[in-house]
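Student: I should like to learn how helix packing and strand pairing are read from a model. Could we work through one together?

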Amino acid sequence: MQKLCRIALAVSISVSFSIGSISALAFVDVSKDLILPVLAPESQHATASKRITARFMRGHYKKIKINDALSQEVFNRFIKQLDYSRHVFLATDITILEKHGVEFDDAFARGRLDFAYDIYNLNMQRRLERYEYALSLLATVDVAGDEKIQNSPFNYTKDDVYSYDREDAPWAKSIAELNELWRIKVKSDALNLTLTGKEWPKVKEILTKRYKYAIKRLKQSESEDVFQLVMNSFARVVEPHTSYLSPRNAERFQMEMNLSLEGIGAVLRAEEDYTVIQSVISGGPADQSKQLKSKDRIIGVAQGEKDFEDIIGWRLDDVVDKIKGPKGTTVRLQVISGKSEDITNVKIVTIVRDKIKLENKAAKSEIYFEGAGTEAAGLDDKSSLGEKLGIITIPSFYNDLSRDVKKEIEKLKEQEVQGIIIDLRGNGGGSLPEATLLTGLFIDKGPVVQIRNGANRVDVLRDKDGISYYQGPLTVMVDRYSASASEIFAAAIQDYGRGVIVGEHTFGKGTVQQHRGLGRVYDLYEQPLGSIQYTIAKFYRINGGSTQHRGVLPDIAFPSAVDPKEWGESKEENALPWDQIDKAQYTKLNDINTDVNYLTSLYQQRIKDNSEFNYLLNDIKTYKAEKDDKIISLNLMTRKAKREERKVKQLIRANERLVSMSKEKITTLDDLPDELDELDPFLDETARITFDLISLGKIAKK
């Protein structure tokens, strides 16, 4: 790869592909002006491509045929990744590129990906042309007559509309057609800023920076970006949970699973040419130094006593690589205070790197008081409060999750909670063994999940310790983002009758992935190889049914804007089908069907008068009425009217909520108190259901 622009800042990694000869694509040679890098495969990519292909063919659960049909699918997906909205390539470009549609299968097996890189290079050139045109619109009279004089605002009295979903739109046949698409796009961007109260000079300034920064990101593209995009187009054609991870992303994956990293303990983001501290991790070296704060800008990095490197304009990934490092080593930072406008006022911060525990992503517990919620936990006098529940929030199934949850259970038992809620909302899964271990905390012993591999062999993962760490009332909260290991746990609790599942229909991911590095000890490449995740098995409930596509249906369902058939695994391309196997040998702990019917009747009666649920039902009605509308008006008065209508609705709701909380009303949304952001009506209703469950248990004992 010719890295023509080393200074880089882009946060996201964009991957791409190749095409044949550049001249055959009428690709503009810009290398002499150093406008864009000309990307090509690196030496390790040929080997990585061949190893990925071999692994998918030998080890994937799905039987794969590497042929022209698969090649065409990869090509189509690759093009979609490069130009999802079809506002970059021309129809003539696509016609020329289509000859490569049947070449990907041979390219993967041989590691010859040059043509894919050529496609990516063409895409970069087309994007550069589009952004340059967008910049020209901000500085000159609009060719469509939308602006009457130079540098004046767009004419927003017209009834132009912006189509934000062009996935299936035809490709533009000419530059003039592309220009019109981009005129509308720029007008939409400008209108959005105008609606926030900004005058035209400020709108123009912001959009100019935005488009110039997009050009800079193009210049910072790297060979690995292209390889990742190509191989993921291949992987996702095989199956939606199969993927290639670049070396950087593979490292991030391991950090997520272990909830730990070695560095300074700061979350960074890119903001124009600067690397900005978004937050510092509590207890980490950056936090302990007391010298780094949110919004501080890092402009230079030095290792130990070595000289500083100026990192202004660098790609964020490269900055992170410079700052992180092994525990015990020293890094020095040149920092401008977030409050300072004087970029010459630089301080030097010396930090010794350490191991950072990502506590904010670990399981945590809190107390919920009947009628007072979790806020009452901060009160000094709790004697007048009612019964209490324990809430354990689990963001993901990371390594050692069950150990952490066991500790939280012990803390809750010491505080004599009457029941426990396990909150799995937004939990996309993780470690399969941890799903089994977590379930084992709530049952004595027995099967938890069944696993069938590609050879149709079925293994049963069991809890064998004979100990239940918590035997009281249990409720599990799920939503449509709860997937994989979350579904294993929820399904097992449901099949045993151990607890009540509350919330939305879950995602429906019933497959098991293996993570494997591509590198070998004998490799001598300058750059490391990445890794792959690929599906090796499907898991099944102990009742024999698969969660694939169907997910877990809650015992008590909350209102949802999304139909399960329009969400989750069932909407993923190339997803494995639903099926079932024989049930495992297990004994149901409780038959809670009657209890669920009773709890549901109480819940349904209660939400009739629940304002938060009525708000939700109204929002669902509005969403369903508007969800198929893929265009938005660019008429200023129309947009303002709709915006004001929405703000009035939000203000009425806010004041109704404040009155119910015995607080003063507000006259503008700018005065919204923080307490409203903390409202969680789903958790509150789940707590009421759990208290009902506790009452049923007391009645049963009597």
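Tutor: Let us begin with one helix of this predicted model. In helix H13 (residues 432-440), the buried residues are Leu432, Glu434, Ala435, Thr436, Leu438, Thr439 and Gly440.

Student: What does that say about how H13 sits in the structure?

Tutor: Seven of the nine residues of H13 are buried, so the helix is largely enclosed by the rest of the structure.

Student: Which elements do the buried residues of H13 pack against?

Tutor: They pack against two helices, H12 (401-414) and H14 (485-496), and against strands S14 (446-453), S15 (458-463) and S18 (511-517).

Student: Which residue caps the N-terminal end of H13?

Tutor: The cap is serine 431, with a side-chain oxygen 3.3 Å from the backbone nitrogen of glutamate 434.

Student: How should the packing of two helices be described?

Tutor: Two quantities are used for packed helices: the angle between the axes and the distance between them. For H13 and H14, the angle is about 25° and the axes lie 9 Å apart. Angles under 35 degrees count as roughly parallel, which means that H13 is roughly parallel to H14.

Student: Is the crossing of H13 and H14 left-handed or right-handed, and which residues make the contact?

Tutor: H13 passes H14 in a right-handed crossing. On the H13 side the contact is made by Leu432, Ala435, Leu438 and Thr439, and on the H14 side by Ala485, Ile488, Phe489 and Ala492.

Student: Let us turn to strands. How is their pairing read?

Tutor: Strands of a sheet pair through backbone hydrogen bonds, in a parallel or an antiparallel sense. Take strand S8 (residues 330-336), which is mostly covered, with five of its seven residues buried. S8 pairs with strand S6 (residues 297-303) in the antiparallel sense over six bridges, and with strand S9 (residues 346-352), also antiparallel, over seven bridges.

Student: Which residues are bridge partners there?

Tutor: Between S6 and S8, alanine 302 has arginine 332 as its bridge partner. Between S8 and S9, valine 335 is partnered by lysine 347.

Student: How many strands form the open sheet that contains S11, and in what order do they run?

Tutor: There are six, in the order S11-S12-S13-S16-S17-S20, and the pairing is mixed. The edges are S11 (364-369) and S20 (556-557), each of which pairs on one side only.

Student: In what sense do S11 and S12 pair?

Tutor: S11 and S12 (residues 388-393) are antiparallel, with six bridges between them. Here phenylalanine 369 stands opposite lysine 388 in S12.

Notes:
Residues numbered from 1 in each chain as written. Predicted model: local features only at pLDDT ≥ 70, side-chain atom pairs only at ≥ 80, totals over all residues. Heavy atoms only, no water. Buried < 20%, exposed > 50% of the residue type's maximum accessible area, 1.4 Å probe, protein only. Helix = DSSP H or I, 4+ residues; strand = E, 2+ residues; numbered from the N terminus. Pairing = 2+ DSSP bridges. Contact = heavy atoms within 4.5 Å. Polar contact = N/O pair within 3.5 Å; in protein donor to acceptor, adjacent residues only side chain to side chain. Axes fitted to C-alpha atoms, helices over the stretch in contact; angles between N-to-C directions. Parallel < 35°, antiparallel > 145°, perpendicular 65-115°, else oblique. Left-handed = near helix turned anticlockwise from the far one by under 90°.
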